[in-house]
Amino acid sequence: MAQTLACLRGWHVPLAQAELSALLPQTEFTQLSSRMAVSEQVDRDLLRLTLDCAGGIQCFLNDAQIINAEVTDVANLLPLVAGIIENFPKRGSLAVRYLRIAGRIDGLSTKFLAGQIGGIAVEHGFSIDLGDPDYEIGLIADGSSNYVACGWLVGDFDDSIGTATRRPTERPFFRPISLDPRLARLSVNLACGPVDKRTVLDPMTGTGGFAMEAVTMGRNCLAIDMDPVMVSGTQQNVSWASRNIPSDADFQIICGDATKLDEIIPTELHGNISGVVLDPPYGRNSHGSQSHFDLISKTISSLRNVVSASAKLVLIIPINPSEGGEIDLLHGNWDDFSRMLTNSGAGIIDHWQEHVHGSLSRLILLATISPQD
């Protein structure tokens with residue numbers, strides 16, 4: 001049976017798994033190892049569109065052939081690969097790319113195996129061009145699980161995903177608390193799912209980290225902040241991030257109060273919000289003396305007046321690093337916090353922790369938002 005393998009990036013695999021499900025909601029992937037998951041064959045164009053906006057998905061292999069080197073001789077992979085090469089309907093130039101993840105597999109040279117696969121391709125009418133080939137075959141060896149996979153490569157093995165050029169310190173408007181672009185991009189995808197014509201809402205945009213990622217992947221975006229300095233800075237950052245990226249995405253930024261969204265968001269966007277990304281300010285903030293719980297509760301209540309029925313919320317909050325998976329909020333108690341979310345109309349789907357440094361982690365929380373009746 002033809003199948004597609006997804007290779008996830010290693011910086012936060014559980015988040016990448018959730019993003020894969022969000023961007024390909026009609027496709028059920030089965031996890032093989034921490035970074036490998038397989039499904040029935042998926043259309044190449046859909047995979048390419050998925051990779052164009054993904055933060056945690058590295059590449060796909062179509063017509064993937066997979067063996068476990070712990071129980072099967074790696075040489076048994078070669079006739080399987082020969083089959084997919086022989087049955088490929090076109091001919092042209094080809095390159096075999098290889099990637100090791102999570103260490104080596106004892107007794108396996110990926111470079112040597114890639115050379116053997118290249119030889120098979122030549123026997124079946126392909127020429128080898130490592131510079132600018134018409135087609136690429138990907139070979140992945142996972143040292144943590146001993147799985148070896150090979151198939152037609154969709155994407156590449158570059159781990160940068162283009163966000164290095166948008167790191168916070170490179171932006172024209174910078175604040176030290178800015179989110180990592182990878183996390184910002186992945187959060188937008190968790191909240192909104194596949195790219196469509198609806199609008200991403202960032203009701204407390206700060207320096208515009210979410211907005212930059214939304215616009216550069218072609219999503220319409222509405223960003224809001226109470227602080228005129230942040231509004232101006234976000235406009236600079238979005239213009240800078242998207243300067244070399246052709247996009248017809250609609251971007252707006254409004255100065256306003258996130259707890260009164262129905263009053264400031266254009267009526268044509270009411271019910272047309274695909275998802276919400278929220279990284280509230282902590283400590284001193286432009287919302288004055290409101291407590292953190294009160295600010296988030298009022299914002300969620302306000303969101304329920306404007307979101308679509310399918311919209312999800314990604315909420316990022318600071319927590320103390322802890323072992324064992326327990327949640328130790330930087331401000332307040334988790335039981336009280338989760339109760340507040342439920343009472344405000346948010347239903348928790350899942351949550352993940354991301355380590356920032358020795359004294360700080362982040363909780364990335366995914367929730368439903370029930371629109372007001």
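## Strand 13 and its partners

Leucine 278 has leucine 315 as its bridge partner in strand 13. This pair belongs to a predicted model. Strand 12 covers residues 273-278, and five bridges join it to strand 13. These two strands run parallel.

Strand 13 spans residues 307-320. Ten of its 14 residues are buried, so the strand is mostly covered. Strand 13 is also joined to strand 16 (residues 360-369), here by eight bridges. That pairing is antiparallel. Strand 14 (residues 328-329) pairs with strand 13 as well, over two bridges and in the antiparallel sense.

Isoleucine 319 appears in two of these pairings. Its bridge partner in strand 16 is serine 361. In strand 14, the bridge partner of isoleucine 319 is leucine 329.

## Alanine 367

Strand 16 also holds alanine 367. The relative accessible area of alanine 367 is 1%, under the 20% cut-off, so this residue is buried.

What does alanine 367 touch, leaving aside residues up to four places away in sequence? The contacts are Lys312, Leu313, Ala346, Gly347, Ile348 and Ile349. Lys312 and Leu313 fall within the residue range of strand 13, 307-320. Serine 274 is 93 residues from alanine 367 in sequence. In space, C-alpha to C-alpha, alanine 367 and serine 274 are 13 Å apart.

## The eight-stranded sheet

An open sheet contains eight strands. Their order is 2-3-1-4-8-7-5-6, and the pairing is mixed. Strand 2 (30-31) and strand 6 (127-128) are the edge strands. Each of them pairs on one side only.

Strand 7 (residues 135-142) and strand 8 (residues 147-155) run antiparallel. Six bridges join them. Isoleucine 140 stands opposite alanine 149, which is in strand 8.

Helix 1 packs on this sheet. Helix 1 touches strand 1 (3-8), strand 2, strand 3 (36-40) and strand 4 (57-68). The direction of helix 1 makes about 140 degrees with that of strand 1. Helix 2 (residues 44-53) packs on the sheet too. The strands touched by helix 2 are strand 1, strand 4 and strand 8. Between the directions of helix 2 and strand 4 the angle is about 130 degrees.

## Helix 1: buried or exposed?

Helix 1 runs over residues 13-23. Eight of its eleven residues are buried, so the helix is largely enclosed by the rest of the structure. The buried residues are Val13, Leu15, Ala16, Ala18, Glu19, Leu20, Ala22 and Leu23. A charged residue, Glu19, is on that list.

## Helix 1 against helix 5

Two packed helices are described by the angle between their axes and the distance between the axes. For helix 1 and helix 5 (residues 181-192), the angle is about 40 degrees and the axes lie 8 Å apart. An angle of about 40 degrees is not under the 35 degrees that would count as roughly parallel, and not within the 65 to 115 of roughly perpendicular, so the two helices are oblique to each other. Their crossing is left-handed.

Which residues make the contact? Helix 1 supplies Leu15, Ala16, Ala18, Glu19, Ala22 and Leu23. Helix 5 supplies Leu183, Leu186, Asn189 and Leu190. By class, eight residues in this contact are nonpolar, one is polar and one is charged. Asn189 counts as polar and Glu19 as charged.

Technical notes. Residues numbered from 1 in each chain as written. Predicted model: local features only at pLDDT ≥ 70, side-chain atom pairs only at ≥ 80, totals over all residues. Heavy atoms only, no water. Buried < 20%, exposed > 50% of the residue type's maximum accessible area, 1.4 Å probe, protein only. Helix = DSSP H or I, 4+ residues; strand = E, 2+ residues; numbered from the N terminus. Axes fitted to C-alpha atoms, helices over the stretch in contact; angles between N-to-C directions. Parallel < 35°, antiparallel > 145°, perpendicular 65-115°, else oblique. Left-handed = near helix turned anticlockwise from the far one by under 90°. Contact = heavy atoms within 4.5 Å. Pairing = 2+ DSSP bridges.
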